[in-house]
Amino acid sequence: DLHKAIRRQRQMCIRDRSLCDQVAILVKGKVICYGSVQDIKKIGKSDSFENAFINIVEEGEKNENDSLC
């Protein structure tokens with residue numbers, strides 16, 4: 001079951017944060033950006049991961065057919 005696999009991967013990443021530095025950002029179930037936290041900050045043009053995430057999601061909602069990364 002894909003949902004269980006994703007949930008399990010997330011749990012492993014929370015447990016082993018230092019080993020899991022890749023982030024995927026989804027808009028309506030589609031991956032629009034994937035990379036390290038530092039990459040996300042650069043792409044989202046923000047020093048804060050949260051603000052970069054918001055910028056990327058908002059841009060992804062505008063351009064649902066385009067990948068931002």
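This is a short tour of a predicted model, stop by stop, with something to select at each one.

**Before you click**

Numbering starts from 1 along each chain as its sequence is written, and side-chain values use heavy atoms, leaving out hydrogens and water. Since this is a predicted model, local features need pLDDT of at least 70 and side-chain atom pairs count only at pLDDT 80 or more, while totals for chains, interfaces and linings use all residues.

**Stop 1: the whole chain**

Show everything as a cartoon. You should find 3 helices and 2 strands, in the order α-β-β-α-α along the sequence. Both kinds of element are DSSP runs numbered from the N terminus: helices are H or I with at least four residues, strands are E with at least two.

Now switch on the surface. It comes to about 5,400 Å², and 50% of that belongs to carbon and sulfur atoms; the areas come from the Shrake-Rupley method with a 1.4 Å probe, and for residues only the protein chains shown count as cover. Of the 69 residues, 20% count as buried. Here buried means under 20% relative accessible area, exposed means over 50%, and partly exposed is in between (1.4 Å probe, protein chains only).

What about contacts across the sequence? Among those between residues at least 6 apart, 33% join residues at least 24 apart, with contact meaning heavy atoms within 4.5 Å.

**Stop 2: the core**

Select Val-23, Ile-25, Val-27, Ile-32, Cys-33, Ile-40, Ala-52, Ile-56 and Val-57. These 9 residues are the largest nonpolar core. Strands β1 (22-27) and β2 (30-36) and helix α3 each supply at least two of its residues. The term covers buried Ala, Val, Leu, Ile, Met, Phe, Trp, Tyr and Cys residues joined through side-chain atoms within 4.5 Å.

Zoom in on Val-27, in strand β1. Val-27 is buried, at 7% relative accessible area. Which residues does Val-27 touch, not counting those up to four places away in sequence? Look for Ile-32, Val-57, Gly-60 and Glu-61. Then draw a distance from Val-27 to Ile-56: the two are 29 residues apart in sequence, and their C-alpha atoms are 9.5 Å apart.

**Stop 3: the loop between α2 and α3**

Go to the loop between α2 (37-43) and α3 (49-62), and pick Ser-46 there. Gly-44 and Lys-45 sit in this loop too.

Start with Gly-44. Is it buried or exposed? Gly-44 is buried, with a relative accessible area of just 4%. Beyond residues up to four places away in sequence, Gly-44 touches Ala-52, Asn-55 and Ile-56. Its C-alpha lies 9.3 Å from that of Glu-59, 15 residues along the chain.

Step to Lys-45 and check the backbone. Most residues other than glycine have a negative phi. Lys-45, however, has a positive phi, near 55°. Lys-45 counts as exposed, at 74% relative accessibility.

Next comes Ser-46, which is buried at 16%. A polar atom of the Ser-46 side chain is 3.1 Å from the backbone nitrogen of Ser-48. Leaving out residues up to four places away in sequence, the contacts of Ser-46 are Lys-41, Asn-51, Ala-52 and Asn-55.

**Stop 4: the salt bridge**

How many salt bridges does the structure hold? There is 1. Select Lys-62 and Glu-59 to see it, with the closest N and O atoms 3.8 Å apart. To count, a side-chain nitrogen of Lys or Arg must be within 4 Å of a carboxyl oxygen of Asp or Glu. The partners are 3 residues apart in helix α3, so about one helical turn separates them. Lys-62 is exposed at 64% relative accessibility, whereas Glu-59 is partly exposed at 31%.

**Stop 5: a nonpolar patch outside**

Finish on the surface with Leu-26, Val-31 and Tyr-34, which make a nonpolar patch of about 310 Å². Patch residues have over 30% relative accessible area and no salt bridge; like charges are joined within 9 Å, and nonpolar side chains (Val, Leu, Ile, Met, Phe, Trp, Tyr) within 5 Å. Click on Tyr-34, in strand β2: at 51% relative accessibility, Tyr-34 counts as exposed.

How values were computed: Polar contact = N/O pair within 3.5 Å; in protein donor to acceptor, adjacent residues only side chain to side chain.
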